[in-house]
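These are my notes on the model you sent, set out as numbered points. Please read them with the sequence and the coordinates open beside you.

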Amino acid sequence: MSYNDNFIKACRKEQVDTLPVWYMRQAGRYDPAYRKIKEKFTLLEICKQPELAAEVTMLPIKKLGVDAAILYSDIMNPVASLGIDFDIVKDVGPVIHTPVRTAQDVERLRPIDVDKDLSHIIETIRILDKELEVPLISFAGAPFTIASYLIEGKPSKSYIRTKQLMYSEPAVWFALMDKLGDMVITYLKSHIAAGAKAVQVFDSWVGALSPADFQLYVLPTMERIFKELSHLKEPKIYFPGVSSGELLPYLHNLQADVIGLDWRIPISVGRERVGERFAVQGNLDPYILTAPMHVIEQQAKAIMDDGMKKPGYIFNLGHGLFPEASLEKLKDLTAFIHAYSHSVLTQ
Ligand code: CP3
């Protein structure tokens, strides 16, 4: 098989004859082969074994027929290099041993040292670069989303401590944003140097902010991150997470190539809000995967018809896959997206 670069072409808004598709969290517990590996090792243990992490990354490629791989890792991995101890607790998520809540806590954070602390991740990328026949997407968590875990100490619904710090101690907040921004820039540059063909910044929880607070407390750091990466030719994706539709009009200065959309906004509306410069990616409601296949296909078709109106569209879910999703349905959905989009795009 020859190298399939439809995903990269779509990121650059070039014409394709078949829509590229990949799924956020495509390596995960819906796959029995992944569950078997997870019986022996935790997520962090897998990440520390480059051969195994590369194998897990590749599981969905052949099985589902997707057009891009996403590095098997977690948004929390790089914070270990800043001196933060954490666990990923089953069915909970990241739990921080000593939350970051004061000026001193922020001061204590070390600059990221990829060579010293994260060489296993670089090695995984190098292995994948040799073996993959589709582009490898690497990723980082965005400063707001990482900060929400560091400050709350665990996943939160209200982000109460995060907002409290942001509003009451802006100097501490911006110092933290600066440090996490530096972390993301250095980390992603090292991934591209090792062979990643695109990068995605996950800001999963930033939709918790009002547009005004997003612009004041978060956007400057996001603009800096993408500006610092803008000299690199590899496409850059910003995913502003769930419920982020009202934030989209403020992204026009971001030097990213693609914006990820969640399912609460139609593709064409999202496109209009971010502006013509960007390609867009998304946005099937992942929980529709519990529906009968004809319902899934009907919804996927409507999204594709909207997305294919212009070049620069990548099919994905509006958020990550969940453990109860069906491997068979995902495989059928991927084949359906390829067949249907090919029939329309080659008309
Ligand atoms: O997409 C992929 O297949 C690549 C791997 C990947 C993981 N985490 C592995 C993982 C990616 C891209 C992430 C990103 C990530 N991690 C995000 C951003 C994406 C999103 O969903 O919004 C966030 C918020 C996290 C933090 C995190 N890690 C959470 C909330 C959880 C869920 C806890 C649970 O048990 O449901 C994790 C754990 C995690 N990271 C799992 C995987 C496959 C599931 C648990 C496991 O298999 O060990």
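1. I begin with a single side chain, bearing in mind throughout that this is a predicted model. L180 is buried, since 28 other C-beta atoms lie within 10 Å of its own, and the cut-off for that label is 20 or more. The residue belongs to helix α10, and, once neighbours within four places in sequence are set aside, its contacts are P143, I146 and A147. A further reference point is G141, which is 39 residues away from L180 in sequence, while the two C-alpha atoms are 9.3 Å apart in space.

2. The contacts of L180 lead to the packing of helix α8, residues 143-152, against α10, where the two axes come within 9 Å and cross at roughly 120°. An angle over 115 but not over 145 degrees falls outside the perpendicular and antiparallel ranges, and α8 and α10 are therefore oblique to each other. The crossing of these two helices is right-handed. On the α8 side the contact is made by P143, I146 and A147, and on the α10 side by L176, M177, L180, G181 and V184. Sorted by class, this contact of α8 with α10 holds seven nonpolar residues and one polar residue, with no charged residues.

3. Helix α10 also packs against helix α11, residues 211-229, and here the axes come within 10 Å and cross at roughly 25°. Because angles under 35 degrees count as roughly parallel, α10 and α11 are described as roughly parallel to each other. This crossing, too, is right-handed. From α10 the residues W173, M177, G181, V184, I185 and L188 take part, and they meet Y217, T221, R224, I225, E228 and L229 of α11. The class count for the contact of α10 with α11 is eight nonpolar, two polar and two charged residues.

4. On the nonpolar interior, the largest core has 110 residues, and the members that touch the most other members are I137, V201, V206, Y238, V258, I259 and V280. The element that gives the most to this core is helix α10, residues 170-194, which supplies nine residues. Taking V258 as one of those highly connected members, its contacts beyond four places in sequence are C11, P235, I237, F278, A279, V280, Q281 and I314.

5. For a position with an intermediate environment, I would look at I96, which is placed in strand β3, residues 93-96. I96 is partly exposed, because 18 other C-beta atoms lie within 10 Å, a count between the limits of 12 and 20. Leaving out residues up to four places away in sequence, I96 touches I84, F86, Y149, L150 and G153. For the pair I96 and G153, the separation is 57 residues in sequence, but the C-alpha to C-alpha distance is 4.7 Å.

6. Finally, is H294 buried or exposed? H294 counts as exposed, because 8 C-beta neighbours lie inside 10 Å, and the limit for that class is 12 or fewer. The residue lies in helix α13, which spans residues 293-307. Its C-alpha atom is separated by 41 Å from that of E223, a residue 71 places from H294 along the chain.

Note on methods. Residues numbered from 1 in each chain as written. Predicted model: local features only at pLDDT ≥ 70, side-chain atom pairs only at ≥ 80, totals over all residues. Core = buried A, V, L, I, M, F, W, Y, C linked by C-beta atoms within 7 Å. Helix = DSSP H or I, 4+ residues; strand = E, 2+ residues; numbered from the N terminus. Contact = placed C-beta atoms within 7 Å. Axes fitted to C-alpha atoms, helices over the stretch in contact; angles between N-to-C directions. Parallel < 35°, antiparallel > 145°, perpendicular 65-115°, else oblique. Left-handed = near helix turned anticlockwise from the far one by under 90°. Nonpolar A, V, L, I, M, F, W, Y, C, P; charged D, E, K, R; others polar.
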